[in-house]
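Welcome! Please take a look at the sequence and the structure shown here, then try the exercises below.

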Amino acid sequence: MSIRVTTTGEPRALALAGLDGAAGGPVVHLGAGGERADVVWREGTADGCDGPRVIAQGGAGLWRCAPWPVRDELFELAPPAGRNVLAVGDEPDRSQVSEHVDQLDGRLLEADVLERGDLEEAAVVVFAQPDGRPLPAPAFAVLATRRILVVRTPSVSFGLLPGIDHLSARTAAGVAQLAAATMLHWDAFAAVRAFGTIAAQPHRASTVYARLAGDLKRADAK
Amino acid sequence: MRVCLVLPELRPSGGVAIAVGHAARLRAHAGFDVDVVALGGVGEASAGVRVLSLADAQRERYDVAVATWWETLPALLELDARRRVAFVQSAEERFYRPEESFERLGAALALTAPVHFFVVARWLENLVTGLRPDARCWFVPNGIDKSLFEPREASVAPGGPLRILIEGQHTLWFKGVDDALDVVSRMREPHTATLLALDPRDAPAQEGLAVIGGLRPDEMREQYARHDLLLKLSRVEGLPLPLVEACHVGVPCVVAPFTGHDEVIRHGENGLVVGFDDAGGAAAVLDLLARDRSLLRRLSVGAVETMSGWPSADEAAAAFATALTDVAEAPEPRTAPTTAAAWRRWRAAAEVARTERDEVALRFREHEGSIRWLEEALERVIQQRDDELEALTSSRTYKLAQRMQRASHLLRR
């Protein structure tokens with residue numbers, strides 16, 4: 001059954017959180033812009049407005065508070081070929097993490113934002129944003145692809161359990177230490193990867209957008 | 001077949017009730033002779049279930065021994081049994097917070113034991129087969145007494161406040177009872193709320209909240225029937241039976257997407273799924289249900305319909321019996337892979353603990369630094385005060401004033 005939702009947005013956002021085989025229905029716009037969409041799903045914190053319904057990971061007046069869904073095909077992404085750590089975030093947050101990462105078998109990759117291509121290359125993804133912010137929007141994409149997610153302790157984790165399905169630390173040095181440990185003892189963290197994949201399941205795009213379509217219909221009907 | 005079930009205790013809880021129920025029904029099956037060991041002490045179980053002490057059970061010989069709850073694994077391994085099984089009803093390491101690292105590791109090690117596995121949910125089957133490819137795993141669903149949890153007659157009140165039943169033990173953080181109460185407190189539409197707990201003592205005090213607990217199954221059924229919906233916002237579940245029971249009675253459920261929810265709840269058919277950490281969004285969903293009684297009625301009808309294929313308690317016990325027969329013939333898991341798996345779990349726990357320890361040490365050093373800075377600042381202020389006092393008392397003006405004061409005293413005499 002096709003889900004009657006259309007996703008729009010930047011190609012990067014759609015590659016991580018879009019819906020395959022969209023067929024009409026309400027428009028959900030991922031990322032910045034999209035003022036004419038029915039729903040805008042922002043990355044980070046945002047405030048609700050008079051225009052479209054707003055979903056974000058934090059903020060005031062939101063219609064829903066949630067991370068991005070995970071594009072279905074990412075659940076089938078091939079396991080990482082190498083032992084690369086990807087540090088994601090703005091400077092200087094990212095450098096604070098990367099300067100602490102050592103003892104790596106693989107390479108240290110860096111990016112301002114998470115992109116699908118970088119995710120394919122990485123075995124571990126570290127979100128370098130300071131602690132106390134909500135979990136990054138594309139965090140569940142990392143888990144769905146059986147990579148290890150490492151974050152600085154978020155204010156809101158959307159059901160994730162630290163040390164079970166992902167790893168978290170308060171400081172840049174702490175997340176770097178955890179990332180290095182997962183590289184050094186990859187097999188030891190098999191359970192974290194398994195729990196991570198399980199935690200990502202409710203965020204599967206086809207599940208989330210089907211739910212969203214129903215919710216919009218019910219909300220508009222009443 | 002001689003079977004021994006090892007339980008942590010006999011006090012009623014979801015997991016123990018399931019295991020004792022299987023024991024009672026197995027005894028009714030031809031060919032099964034079942035003992036129950038309760039490590040927390042011998043007590044009353046269901047009719048027909050023989051309860052032994054561990055010492056007594058250790059003198060027996062069993063075909064299959066089954067443990068439920070991670071702390072019972074050592075006792076299981078010490079029984080004289082041809083095959084041993086862990087009856088996994090949740091991934092129990094998730095019950096503990098990061099600071100309870102030893103309990104977490106202990107619970108994690110249960111999945112590395114040299115045993116086979118029975119699991120109550122499909123997601124647990126995926127987890128266990130992924131982590132333990134060397135062992136065998138049987139899916140044994142949780143059944144329900146269909147004659148007890150039968151559909152109620154009047155499904156939904158046509159009007160009036162929305163009657164919300166919150167299920168969960170409030171003293172367990174992962175049951176999300178605080179989250180549920182927060183959501184209810186944000187509602188705008190008229191409603192009532194009842195908290196249904198295993199043990200109602202020390203329940204949170206919230207205006208208008210009724211608290212009940214310690215109920216028998218028939219009383220549980222009555223409570224479901226008195227409410228319009230069940231609200232359950234747990235963080236961690238295995239296979240949440242209250243959802244199954246409520247749906248059988250015709251009560252739709254509003255749930256967080258915890259593990260196992262999708263094996264019972266179909267969004268828009270028998271309930272609605274709301275997000276974790278989205279109190280505003282969840283309150284809006286409850287408000288919608290309070291306003292839209294036709295939606296509530298559709299979900300109520302859907303709840304009963306979607307449970308038509310759910311196994312009865314007898315069917316589940318039959319599946320349990322089949323699994324026991326199969327496991328008795330299965331080869332025993334090799335110990336080398338299980339030992340390696342245990343060491344790996346230890347390694348991961350140790351690395352996480354090392355980072356936490358370093359962060360605590362860092363925080364301690366930061367606090368120490370702050371205290372030192374404050375001490376030095378205080379010393380500087382005291383020194384400055386002393387210097388100023390010294391400067392004042394040694395000034396000519398001050399000395400002159402002192403002399404004038406003394407002269408004034410002499411004159412008054």
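Four short exercises follow, each with a worked solution.

This is a predicted model, in which local features need pLDDT of at least 70, side-chain atom pairs count only at pLDDT 80 or more, and totals for chains, interfaces and linings use all residues. Residues are numbered from 1 along each chain as its sequence is written, while chains are lettered from A and ligands numbered from 1 in the order in which they are written.

**Exercise 1.** Describe the make-up and overall dimensions of chain A.

*Solution.* Start with the secondary structure: chain A has 7 helices and 10 strands. Both are DSSP runs numbered from the N terminus, helices being H or I with at least four residues and strands E with at least two. Next, compactness: chain A is as compact as a globular protein of 222 residues, because its radius of gyration is 17 Å, close to the 17 Å of the globule rule. That radius is taken over C-alpha atoms, and the rule is 2.2 Å times the number of residues to the power 0.38. Finally, the C-alpha trace of chain A spans about 55 × 35 × 25 Å along its principal axes.

**Exercise 2.** Find the domains of chain A and examine where they touch.

*Solution.* First, the assignment gives domain 1 (6-69 + 204-221) and domain 2 (73-200) of chain A; such bounds come from an automatic or database domain assignment. Then take the distance: the C-alpha centres of the two domains of chain A lie 24 Å apart. Now the contacts (C-beta atoms, placed from the backbone, within 7 Å): 14 residues of domain 1 of chain A meet 15 residues of domain 2 of chain A. On the domain 1 side, these are 6 nonpolar, 4 polar and 4 charged residues. Here Ala, Val, Leu, Ile, Met, Phe, Trp, Tyr, Cys and Pro count as nonpolar, Asp, Glu, Lys and Arg as charged, and the others, Gly among them, as polar.

**Exercise 3.** Work out which helices of chain B help to form its side of the interface with chain A.

*Solution.* Begin with the totals: 35 residues of chain B are in contact with 34 residues of chain A. Of the elements in chain B, α5 (122-131), α9 (279-291) and α12 (335-393) each supply at least two residues to that side. The largest share, 10 residues, comes from α12(B). By type, the chain B side divides into 14 nonpolar, 8 polar and 13 charged residues.

**Exercise 4.** Is B:Ala203 buried or partly exposed?

*Solution.* Locate B:Ala203 in the loop between β9 (191-197) and β10 (209-213) of chain B. Then count: B:Ala203 is partly exposed because it has 19 C-beta neighbours inside 10 Å. A residue is buried with 20 or more other C-beta atoms within 10 Å of its own, exposed with 12 or fewer, and partly exposed in between.

Notes: Two residues are in contact if their C-beta atoms, placed from the backbone, lie within 7 Å.
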